[in-house]
Amino acid sequence: MAINLVNIRDFATDKHAMTDDRPFGGGEGMVMKPEPLTAALKSSQQGKASRVILLSPQGRVFNQALAAELAGESRITLVCGRYEGVDERFSHRYVNDEISLGDYILTGGELAALVIVDAVTRLLPGVLGCTASAENDTFSRNLLKHPQYTRPRSFEGESVPEDLLSGDHQRIEIYRFIASVQRTLARRPELLSREDFTSEEIKLLRQYGLYEKVAELQAGRQG
Ligand code: 21W
């Protein structure tokens with residue numbers, strides 16, 4: 001794995017190294033000029049084809065599935081904009097995908113690019129010590145992880161749940177499954193509409209009085 005970093009400003013042609021200009025039609029802020037972006041892109045690609053991704057608030061929202069998809073590419077180019085955005089002709093001619101991190105405003109795409117580099121590289125062989133850790137994480141299922149505890153058994157008067165100390169593997173798994181569903185219901189209920197449960201899990205949900213709530217969220221699912 002290698003990362004090739006280029007500074008778009010190095011590809012400006014005027015003496016002030018300007019990469020932005022005023023928007024046609026008027027309005028606030030500046031727009032990134034297409035020529036320095038294009039020169040920077042071509043320099044970065046070194047004649048090798050790659051999927052070109054523009055980090056932009058107008059993009060589709062990044063998630064684990066997209067991270068996995070990008071981890072399967074041999075090369076990706078992440079283009080970071082600044083100011084109010086990039087000239088549409090650059091996007092139209094050179095950009096394959098636009099990705100956003102979510103609905104909040106950053107000053108540019110650089111931190112978003114670092115987030116994507118982190119999420120994608122940890123999926124590459126040899127980056128995590130064990131591949132299982134990547135697969136086993138929160139978003140391999142549409143459930144949040146159960147709470148975790150380590151020593152001591154009692155901390156400031158608060159003890160570790162009995163089930164986890166029982167040594168009974170099945171009891172521990174049931175505790176964790178129920179705690180995951182409860183946490184997901186409380187914090188991210190929309191995730192449950194996408195989750196498939198086994199018949200064993202459905203029995204457990206009924207037993208713990210969670211079935212009605214989960215079924216209600218699943219009723220509105222869209223596949
Ligand atoms: C923020 C660029 C706001 C443009 C047309 C007319 C990359 C980002 C960014 C930025 C605007 C990401 C407009 C989540 C982000 C990024 C800089 C608004 C206004 N358009 N993910 N006026 N949030 N942000 N443009 O901000 O480049 S990924």
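**Exercise 1. State where Pro 152 is located and what kind of peptide bond joins Arg 151 and Pro 152.**

Step 1. Pro 152 belongs to the loop between α5 (131-135) and β6 (154-155). Helices (H or I, at least four residues) and strands (E, at least two) are DSSP runs, numbered from the N terminus.

Step 2. The peptide bond between Arg 151 and Pro 152 is cis, with omega at about 5°.

This is a predicted model, in which local features need pLDDT of at least 70, side-chain atom pairs count only at pLDDT 80 or more, and totals for chains, interfaces and linings use all residues. Residues are numbered from 1 along each chain as its sequence is written, and side-chain values use heavy atoms, with hydrogens and water left out.

**Exercise 2. Give the phi values of Ala 17 and Gln 46, and place each residue.**

Step 1. Ala 17 is in the segment before β1 (20-21). Its phi is near 55°, a positive value in a residue other than glycine.

Step 2. Gln 46 lies in the loop between α1 (34-45) and β3. Gln 46 is not a glycine, yet its phi is positive, about 50°.

**Exercise 3. Describe the shell around the ligand by element and by class.**

Step 1. The ligand sits in the second largest pocket. A pocket is found on a 1 Å grid over the protein atoms alone, as an open set of points where a 1.4 Å probe fits, with protein on both sides within 12 Å along at least five of seven lines. A molecule sits in it if more than half of its atoms lie within 2 Å of its grid points.

Step 2. β3 (51-61) and β5 (97-100) are the elements that give two or more residues to the shell. β3 gives the most, with three residues.

Step 3. By class, the shell has nine nonpolar, seven polar and one charged residues; Gly counts as polar here.

**Exercise 4. List the N or O atom distances between the ligand and Ser 100, Leu 106 and Gly 109.**

Step 1. A polar contact is a pair of N or O atoms within 3.5 Å.

Step 2. An N or O atom in the side chain of Ser 100 is 3.5 Å from a nitrogen atom of the ligand.

Step 3. An oxygen atom of the ligand lies 2.9 Å from a backbone N or O atom of Leu 106. For a backbone N or O atom of Gly 109, the distance to an oxygen atom of the ligand is 3.4 Å.

Methods
A polar contact is a pair of N or O atoms within 3.5 Å; within protein, one must be able to donate a hydrogen and the other to accept it, and residues adjacent in sequence count only if both atoms are side-chain atoms. On a 1 Å grid over the protein atoms alone, a cavity is a set of points where a 1.4 Å probe fits but cannot get out, and a pocket is an open set with protein on both sides within 12 Å along at least five of seven lines; lining residues have an atom within 4 Å of a point.
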